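Here are some notes to go with your first look at this one. Keep the model open while you read, and take the points in order.

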Amino acid sequence: MSKFGASMKMGLKRDVIIFIFCLNLISLTTVASQRSGKDSKERSGQCHGWEKDLRNNLSAPGNITEFLENLNESISTLSPGCVKSFSLNISHSNLMELMKVLNGEYDNLIPGTRKQIYKWVEAIYTKTSGPYGMNTMEETNDKGPTMGPGKDKDKGKGKGKGSWITLDVLNILGRFIVQAPTSTFRGIAQGEASTICQLFNSSSDLLDKLFDLTPVQARILFKGLNACGNVNISEDAAISKLGQLACFYPVNQLNLLNKTAVMTLQEKLLNCTRNLKEIYQMLVENINVNDLSAEDVKELGASVVGLKVSQVSNISKEAIAGALSKLKDIKGWSKGQIKVLVKKYKETEEVTAEKLKNLGFLVSGLGAKAFGKFKGQELLDAFSQEDVAESSNSMLPVQKKSIMQAILDSVKIDSVLRSLPASLVSQIPIEKLDQAGNISIDFLSQDKPWNLGQSVALISRTRGQLNNAKNIGKLKAAVKGIPCDLIDSLKADAVKALANNPHVSSYQIRCSAGKFFAAKKVSRPNYFSTLTEEDINEFLASYLIFEPEIMDLKKIPQSLCSDIVELISQANMSVLPQNSERRTDLFKYAKECLKFTASSLTEEQGTSLGSLVCEFSAADIRSLNNTAFLSIIPQLRECGQFSEEKRKTLREKILSAFPTISTWTVDELILLDGLLTVLTRDDFKSIPSDDDIKVALEQILSSHKPGRNFIPPGLDKSTNFSSLYWKFFNILVKKKESNRQRRAPECKETPTLEIIESLGEANNMWTVEQLSCISVEDFTNALDTLTDVTSFSNEQLIALKAKALQAYGMSISNEQIASLERITLGFSDDEVKKYFTKPDIDTIGAISEHKEWADSEYSSRANTIVKNFMNGHTFSNLSSTELVGLGYFLCTLNSDEIKAISTTGYRSAARDIGNKMCPKSETLIALKEKAVQTFSSVKTWTGAQLQEIGVVAAGLSAEEVPKLMTSAVSFLTPEAVSKFPPKVFSAMTVEQLRNLGPENYAAVNEAQKAALSSVQFNALNENIGIARSTSGAGSIYWSPVIMLTLLVLSLTAALH
């Protein structure tokens, strides 16, 4: 080549490089200008719409009373992110006005907003100077302990923690004071002149309003009142001022009360919603029930629920019948007490239709057989009465079905819909709803608790009217029946109205988010790269759970990404499976946006991550500084399950960030809450065992009771609380034993009624030998508590069964067998043959809800019980009530027996049958055949019918599954999805898998996923916001600058 040619080529290369450099400089300059434009303004991405006006008005001069009046109900939707950005420079009068409004809306605010409002007020008084700031205080926010072993063990545990809360501040906080940490509560309850003493001696009615006060908080406040120089809580005058504190009145001080004080306390207790049995038991401890007249029983008032079941049995039937007008209005009865009361009443009077109303809250003591004797209109009239209706909340499925079947057999559905109480609404089969003639938008605006299947059926009836935001906004619970194809046809304002409905499902949120962002991208092709603050104001936090795709999120200008992270932190990420790729991607996005590493994480960054902190790896957790770690504990404790590695790391971090474990108080326990499950049993041995710790453990355990309904594995946040149960058990049992005389060696640590009722689920800690030592009287009196324990082993159940036979003798009745509930699983084959000779519908209905009966281990016993129940009758004669009563015993029927069931009976009982997780595929296939016979061809099954059919849909074959309507598959139940054999599941079409829904996705197991093709697998993943791997919505985005750069580079290459 000539020198001229080479020179020309070199010059062209140089010009190309300069050109590329300029292009990229332009790109960088554009981003920088966007960023500087943002930074020049006040940060406002956290507040949206009216929230911005509220925030601006708070820091502006003048009075905000008129502005607050115009907010109407909007204030109840205030977001925690917006509160976090409120100015600390607010006038005292405006603070008082705002807090007055917020206190009025307290129950309607989301929990996160309540907590943030408390933190905001705390910051005003502790971090500002001025007329009421106290910036000389040390940090007093809710971080909990801030030191490791060897540091001052008293730091942050009381002194000074609540000294910023004067009487004036306490009244300003109002109900928000319950959001304070326990250390702050101790701060306002110390000394004779404490804030709680001042409050008690003032005219404030704040104590009357603290409805969500916790046992630990109440215990601290009572200690504070006892320290007041002029307060004696055993006096009548003081008790009348206790407000909600009366609900936690110290049991050990009840014996100090005179008769007038007791009457005053009983009057205050009527306003309580918590379990008061322990208080009532002490109040009636020394009563001789054998001599009680009807007037005596009435005079006892609500404290009568404190009587033991054996004591209630000893009250004369005449006294109970004479006092029924009072007894029927009392809440808090146990199942055993109600059964005794109703039985005694029936011995004196026949329960007619008119007298059914007179039973009030005691109606649940009647069995399914008794309800079946009433006419439908009589039952409908009785259950229109509030107390009778409320009694159905504690009824068994068989009782509810008996009531509903009688009503629906003789009363027109339109009349039923007008009068039926909310507690029974979900029992209406969809076939009956289809017969109703008064279904309209206005009807659906009534606050009725429709189940999902009913909602789908109702929406299909009103679909033509659901074309605008006004009508969508009227919907209550029925809104969850709106399918995705209808959402796709709605205008933007209607979609937003739908997404803002508190009843909306995760599937509907996903559909709404997809429609919202798809529309934006069509109207503005470079939507995300040119996003503005105004655009973000249109986002709903819930949209970001599923959309936009991560590639689109990354196009958003860096200057706005922190606002996006703030919205993500407000979203309910619990609807995404714990191991989902979307969670990981969102966490990585937040990390890149906020530019932090685990070791550099600040408190503010940590709290801004919301539930994304659950994505920290074990290595990340190890790297966190203690201050950052302590700040995210409230978020970590909501994560649920952790891998074994993360559990160990969290334990190590807790032990290093907190004081020495042997010095722990309730502060540490309440702050950690569910995170305590990462500690070992040896750790719990080191924690003190005083009464304060006992109360704290009881409070924590009561808020984490084991669930009985199916939860998709991917969404299951339940953790193992066995170490907490062990600690609670040991504190309670050891203390009681130390106060009792020595017993025979074989019965050391004997379970007593008092201990059993206090332990609750922790009764699973008793050994078989200890359970055998329960006295017969204590067993019968504690039966309601023992039957509620879900985690007894087979050996423990056998021990309790032996105690039951000792208590009831060889002639044990059907009623007594029914009262044993889960304990009946402890009967052997021979014992079942001996004692279950003629079980009736109420006996079967009481014991059949336990899924163990469907296991092969119990099949022989189950078959005997079913055979004796049928007593020679054919399966074709089973009514819907009897089918519901059979519960898990249905899973033991063979295909011929299932085939014989009438379609009429099955149709009415389908939903209850569909809730039973039968383990054998043969049973599900036989029940599926019955469903096809009842509801016609699989290809016609609607979403409402799939909800009714429930888990029975898992009996479909690989040939039948693809026939399901794509628009209906999202209404398959998670139970059904989890039971599909992998081969059958893999027969689903790509579109079916794409429309399965987030909750159903979480129910898919690894074997099912492994059976899918790559195309099917990608379609399934779209349910949780993972983009399609093919071109289209999930294709890689190329900016104009990058495309032009590549073009120039290709030209350069051509010069070689």
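1. Let's begin with the aromatic side chains. This is a predicted model, and the count of aromatic pairs in it comes to 22. Take Phe86 and Trp120 as one of them: their ring centres sit 5.2 Å apart with the planes at 75 degrees, and an angle over 60 counts as edge-to-face, so that is the label for this pair. Phe86 belongs to the loop between α4 (80–84) and α5 (92–104), while Trp120 belongs to helix α6 (residues 111–126), so the pair ties together parts that are 34 residues apart in sequence.

2. Are Phe86 and Trp120 buried or exposed? Phe86 has a relative accessible area of 5%, so it is buried. Trp120 has 4%, and it is buried as well.

3. Now for a pair with another geometry. The ring centres of Phe443 and Trp450 are 5.9 Å apart and their planes stand at 55 degrees, so this pair is tilted. Phe443 is buried, at a relative accessible area of 6%. Trp450 is buried too, with 3%.

4. Which residues make up an aromatic cluster? Have a look at Phe516, Phe517, Tyr527, Phe528, Phe539 and Tyr543, which form one together. Keep Tyr543 in mind, as it is also one of the residues in contact with Ser512.

5. That brings us to Ser512, which you'll find in helix α33 (residues 506–523). Its relative accessible area is 0%, so Ser512 is buried. What does the side chain of Ser512 reach? It gets to the backbone oxygen of Gln508, at 2.8 Å. If you set aside neighbours within four places in sequence, Ser512 is in contact with Ile487, Val495, Leu498, Ala499 and Tyr543.

6. Gln311 is another polar side chain to look at. It is found in helix α16 (residues 309–314). The cut-off for buried is under 20%, so Gln311, at 16% relative accessibility, counts as buried. A polar atom of the Gln311 side chain lies 2.8 Å from the backbone nitrogen of Lys308. Not counting residues up to four places away in sequence, Gln311 touches Ile287 and Val289.

7. For a contrast, go to Lys595, in the loop between α37 (581–594) and α38 (603–608). Here the relative accessible area is 61%, and exposed means over 50%, so Lys595 is exposed. Gln605 is 10 residues from Lys595 along the chain, and the C-alpha atoms of the two are separated by 9.7 Å.

8. Next, the cavities. How many of 30 Å³ or more does the structure hold? There are two. The largest has a volume of about 60 Å³. Its lining is made up of Lys401, Ser426, Gln427, Ile428, Pro429, Ser908, Arg911, Asp912 and Glu948. Helix α58 (residues 903–913) gives the largest share of that lining, with three residues. By type, the lining of the largest cavity has two nonpolar, three polar and four charged residues.

9. The second largest cavity holds about 50 Å³ of space. What kinds of residue line it? There are 10 nonpolar, no polar and no charged residues in that lining. They are Leu170, Ile177, Phe185, Ile188, Ile196, Leu199, Leu206, Leu207, Leu210 and Leu221. Helices α9 (195–200) and α10 (206–209) each supply at least two residues of this lining.

10. Finally, step back to the protein as a whole. It has 67 helices and zero strands, which is worth knowing when you place the residues above. Of its 1056 residues, 54% are buried. As for contacts with a separation of 6 or more, residues 24 or more positions apart account for 73% of them.

Technical notes. Residues numbered from 1 in each chain as written. Predicted model: local features only at pLDDT ≥ 70, side-chain atom pairs only at ≥ 80, totals over all residues. Heavy atoms only, no water. Helix = DSSP H or I, 4+ residues; strand = E, 2+ residues; numbered from the N terminus. Buried < 20%, exposed > 50% of the residue type's maximum accessible area, 1.4 Å probe, protein only. Polar contact = N/O pair within 3.5 Å; in protein donor to acceptor, adjacent residues only side chain to side chain. Contact = heavy atoms within 4.5 Å. 1 Å grid on protein atoms, 1.4 Å probe; cavity = no way out; pocket = protein on both sides within 12 Å on 5 of 7 lines; lining within 4 Å. Points joined across faces, edges and corners; volume = space filled by probe spheres on them. Nonpolar A, V, L, I, M, F, W, Y, C, P; charged D, E, K, R; others polar. Phe/Tyr/Trp six-rings, centres within 6.5 Å; stacked < 30°, edge-to-face > 60°.
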